[in-house]
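Reader: Hey, got a minute to walk me through this one? I'd like to go over it piece by piece.

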Amino acid sequence: MGQSLHTNGPGGTKSHQLFLLLKDAIINGRMAAGHKIPGELKLADEHRVSRVTVRRALEALTKEGLISRKPGVGTIVCERPVGATIMTASVSNLLPNIIKLGENSRVQLLEFNYGYPPDGVSERLRLQPNERVQRSVRVRLAEDKPFSYLTTYVPERIAISYNESELATTPLFALLERSGVHLDHATQSISAVLATKDVADALDVAVGSALISLTRVVFDSDGKGVEHLHALYRPDRYRMEIDLCRTDGEDGRYWQPLASDKD
């Protein structure tokens, strides 16, 4: 049974909601390459929208290179959708994957300044009273398509070892290590949020679109906070994976993250 789309929902207009539904099915393989998409009348009936709404959604899919519309054949899912690259990161092998992610994408630096952080950031980084930080806002792209919006705070005493241009071209972890920081451990939480206007514009999504939200605080070997990151990811262009292994414990066998073989 098809689902009815709501004009005032967080996903924006009905045509944009239908575009997102069909795009998700294509990106995640439910509509494989070569799959023939139903005609406009059938899609309109299935999703309880007008043919104009369907036509706009299909035009958006065509513009992104996800489908092709061929006279006499119909609407077909493309063999290799343009811009459909999905960046993947392993949660259980954090540092090597962050470095790899930096090598396979590029950054646009939107903001770079120094000042006092919000109270919550200062507390998580365990900063001294009135300690300043460097704040940066970056957008990371793969194949020139934005997939993450990153807001980072680094204590000023560490951040003065690199400049704005270096942050735009070098992974932050590499800059921290170069400054003499010995990275030791991190805390990380993952949830979901809706895109505000600034973030939506930067990630090329509709205001109110669902995003993956990740907050990570990195500490050095002395237990001092060296980085506070708030990252927002497009779920159609980014995913997180975790490898698990079965382990014996006092309460029986259970799943736990697979230990990394890299330092």
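Author: Sure, here is a quick tour, from the overall make-up to one arginine.

Author: This is a predicted model, with local features needing pLDDT of at least 70, side-chain atom pairs counting only at pLDDT 80 or more, and totals for chains, interfaces and linings using all residues. Residues are numbered from 1 along each chain as its sequence is written, and side-chain values use heavy atoms, with hydrogens and water left out.

Reader: Okay, how many helices and strands are there?

Author: The protein has 9 helices and 13 strands. Those are DSSP runs numbered from the N terminus: H or I of at least four residues for helices, E of at least two for strands.

Reader: And how much of the protein is buried?

Author: 43% of the 263 residues. Buried means under 20% relative accessible area, exposed over 50%, and partly exposed in between, with a 1.4 Å probe and protein chains only.

Reader: Which residues touch the most other members in the largest nonpolar core?

Author: M31, V54, L58, L61 and I67, out of 18 residues in that core. A nonpolar core here is a set of buried Ala, Val, Leu, Ile, Met, Phe, Trp, Tyr and Cys residues joined through side-chain atoms within 4.5 Å. Helices α1 (14–27), α2 (40–47) and α3 (51–63) each supply at least two of its residues, and α1 gives the most, with 6.

Reader: Is there another core, or what else? What does the second one include?

Author: There is a second, separate core of 12 residues, with L167, L172, L175 and L176 among them.

Reader: Switching topic: what's the strand order in the open sheet of 3 strands?

Author: β1-β3-β2, with antiparallel pairing; strands pair if DSSP finds at least two bridges between them. β1 (36–37) and β2 (67–70) are at the edges with a single partner strand each, so one side of each has no neighbour in the sheet. Between β2 and β3 (residues 74–77) there are 4 bridges, and R69 stands opposite T75.

Reader: Now R138. Buried or exposed?

Author: R138, in strand β6 (residues 133–142), is buried and has no salt bridge. That would take a side-chain nitrogen of Lys or Arg within 4 Å of a carboxyl oxygen of Asp or Glu, and the nearest side chain of opposite charge, E227, is 4.9 Å away.

Reader: So which side chain does the R138 side chain make a polar contact with?

Author: T152, at 2.9 Å. A polar contact is a pair of N or O atoms within 3.5 Å; within protein, one must be able to donate a hydrogen and the other to accept it, and residues adjacent in sequence count only if both atoms are side-chain atoms.

Definitions and conventions:
Lys, Arg positive; Asp, Glu negative; His and termini not counted.
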